[in-house]
Amino acid sequence: MGCEHDSVYGVCPHDCYDTCGLELTIAAGRVVRIQGERKHPLTKGFACLKVNRYLERLSHPDRILYPMRRVGPKGSGRFIRSSWDEAMAEIGLRLDKIVQEFGAEAIMPYSFAGNMGVLSTASMDRRFFHRIGASRLARTICSGAADAALLWVYGSRIGPDPLMIPNMGQIVLWGSNPVATNLHQVPLLDQAVAKGAKVLVIDPLKTESAQRYGGHIAINPGSDAALAMAIGRYWVKSSLFDAAFVEQFGSGLDEYRRAVEPWTVARADQITGVQSHIIETLAQELIHRPPLLIRTGYGVQRHRYGAQAVWAISALSILSGSYRYPGGGHLQSNADAFPINRELLTRPDLLNGSPREINMLQLGQALSMRSKPPVKALIVYNANPAATAPDQSAVLAGLLREDLLCVVHEQMMTDTARYADWVLPAAMFPEIVDLHLSYWHRYIQLNAKAVEAPGEAVSNTEFFRRLAKAMGFGQETWVQDSDEALVRQALQTSHPWLQNITWESLQDNPVQKIHISPSARPFLDFNIPPRGLRLKPLPLEDSVKVGRGPVKTQDGQKLFWLISPSRKNTIKSSFGNVNSLLTSETEPTVYMHRDDMKQLDLQEGDEVRLFNTLGSACFVLRSSEKVSPGVLLSYAVTWNRDQGVNVNQLTSQDLSDYGGGSTFYDSRVTVEAYKREEV
Ligand SMILES: Nc1nc2c(c(=O)[nH]1)N[C@H]1C(S)=C(S)[C@@H](COP(=O)(O)OP(=O)(O)OC[C@H]3O[C@@H](n4cnc5c(=O)[nH]c(N)nc54)[C@H](O)[C@@H]3O)O[C@H]1N2
Ligand SMILES: Nc1nc2c(c(=O)[nH]1)N[C@H]1C(S)=C(S)[C@@H](COP(=O)(O)OP(=O)(O)OC[C@H]3O[C@@H](n4cnc5c(=O)[nH]c(N)nc54)[C@H](O)[C@@H]3O)O[C@H]1N2
Ligand code: SF4
Ligand SMILES: [Mo]
């Protein structure tokens, strides 16, 4: 007799463009295999390296299985096992006391997209925080600047369907590195290339994607708006742009002309480091090889003037008229292709008054005693800010505060969990039900529960039901909804894109395409903004700004521009403890151009300290062809637990020009050789 194997449809919950369908094989109540689902038209039967190693993550020694109460000093990671009853009783009492003494705004949520499921990211949690009147969180850390710029230009965050990529004549990967961050786009790009398309990569780094596709334009970090405006100006001046398209579908051409007037090709050459003749060739090629798809990633907007960069690039997709072609235009996000019923899920009607909003990028400031009322309780789930938030010294100083109640709902004993007063165990995706959308493709998927959670781990929804009960709201109706009820509420809409996508239909077919034809053209055939596609610059006081900082410190030391983009084998800090994925880079590493190494008299493998006014961190130095002189690369992010810190010591809480986005890649640092003290 062979053993019974079941197959269950799952969805990769990690923060990744691809939102893959997965096939889980279950035997004796355990997941024994996870592979890419063949039924999913973009996953096509393969998962990435990270998820191919998922069994290691499911039963990892760092996994939290029971409620834990802190016994050592904050941050020491010393805990003892507790029970849900004890934890909820004590946390409930503390929160009540805080509300009485300081008001509910002294309670701060902190979450992002550890699990991107609709229920896990924003459902029962929002209801809970609305009902108690906690501070609200502006969840800007990833795409704040781009989202705001896209809404300004296009009125929604929607772009062409990635399924159309093979039909393109030219694709520009602009601040986007799909070989690392959007693996299932690679076969589509390869098909386009096989059919004769040209792929260009505009990135300060010669990334894996630039290596794969050739056409690399090494741009100075933070200077994309200058390049895009120079191209736009060139088109307008030489009447190369699609005037009929702009006339019919655009608006603000006059304001655009005025804004780009100073941005001659020669001036852009100075700022971007891209030579004038290359800019001119680029301007010619982009217009003469339709259909054109500009695929921006989020790298381009993690800068001081990040929103203006996205605006200036968006303008090129309008001026070129590329939306005329099915699949052409600008693809940054398809997040608004899913008009689910968020009101029912998150219940803004429960909100009493209008509590303050805290930008998550300024967690450090929020946790300082300067904020009024002070944050007295921090409830973290779906995120690991001790590793991923900027200005880490400020964040860690806040987390060390003895008077701060810190509650962390987590799957792993992360850097943040180590600072908690209470760590509560979180379930992983095979152990829960959730509904998944994507910010890249247009499939909606149901993740089925495949196995029971180990120990006493619970879903995010259940965690917030328990917190609600602990604070005396257990009898209220919003707490009663089961996960199935929440999925049904999410799908309760008459929007034609979601017609007939129901709880029942998803049981039979867990991956369904929303009802927009892949060849329908955004803004021409659907989602047409009444005021046209805006060429007009963002509503900021000043003219369009482009980044360029000093190259030396006051005492004459060389300043490097430090970029910390996504790493192929982890997702931010997630997977950072799965050792088999870290073999290519076992220690925190920084990559430098060999000319800079020579100039600073540094050798391959040296230990270096990077520092600026915010903090410092140590890395092993490697030379790399990926970086240009003056630029440093260190992938985001390693766990702090060995050294206590990581690259976010060097990033700042400053916000982007518009949309309150991050400035992670706008970091300037000095480098020195570092000698470990002899013990
Ligand atoms: N393997 C893996 N996949 C991931 C993630 C991960 O950590 N690992 N993270 C996920 C998340 S949270 C996100 S938001 C996405 C992000 O994925 P992407 O959208 O690809 O964004 P980033 O990795 O931030 O940066 C992409 C590229 O932008 C470049 N860049 C930096 N500054 C500039 C600039 O000023 N101009 C230009 N033109 N380019 C610049 C970087 O060098 C980098 O190569 O990926 C998701 N997928
Ligand atoms: N220097 C630098 N810093 C960056 C970036 C960068 O490019 N450079 N990128 C930024 C970007 S784009 C992003 S999106 C952020 C991401 O920052 P975070 O949101 O902190 O993302 P992760 O590091 O992936 O941590 C997610 C955590 O959620 C946990 N988790 C997963 N599923 C669940 C669940 O169902 N329930 C609960 N309670 N927990 C769960 C995981 O175990 C993991 O510890 O980082 C930002 N930080
Ligand atoms: S991390 Fe991304 S590529 Fe890997 S399985 Fe998940 S969704 Fe797919
Ligand atoms: Mo992100």
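Is phenylalanine 429 buried or exposed? Phenylalanine 429 is buried, at a relative accessible area of 2% (buried is under 20%, exposed over 50%, partly exposed in between, with a 1.4 Å probe and protein chains only). A note for every view: this is a predicted model, where local features need pLDDT of at least 70, side-chain atom pairs count only at pLDDT 80 or more, and totals for chains, interfaces and linings use all residues. Residues are numbered from 1 along each chain as its sequence is written, chains are lettered from A and ligands numbered from 1 in the order written, and side-chain values use heavy atoms, leaving out hydrogens and water.

**View 1. Tyrosine 54 meets phenylalanine 429 edge-to-face.** The ring centres are 5.2 Å apart with planes at 70° (rings of Phe, Tyr and Trp, its six-membered ring, pair with centres within 6.5 Å; planes under 30 degrees apart are stacked, over 60 edge-to-face, the rest tilted). Tyrosine 54 sits in helix H2 and phenylalanine 429 in the loop between strands S17 and S18, 375 residues apart (helices, H or I, at least four residues, and strands, E, at least two, are DSSP runs numbered from the N terminus).

**View 2. Tyrosine 54 also pairs with phenylalanine 575.** Here it's 5.8 Å centre to centre and 75° between the planes, edge-to-face. Phenylalanine 575 lies in the loop between strands S22 and S23, 521 residues from tyrosine 54. Both residues are buried.

**View 3. Ring pairs link an aromatic cluster.** Its members are Trp84, Phe128, Phe129, Tyr381, Phe463 and Phe464. The whole structure holds 20 aromatic pairs.
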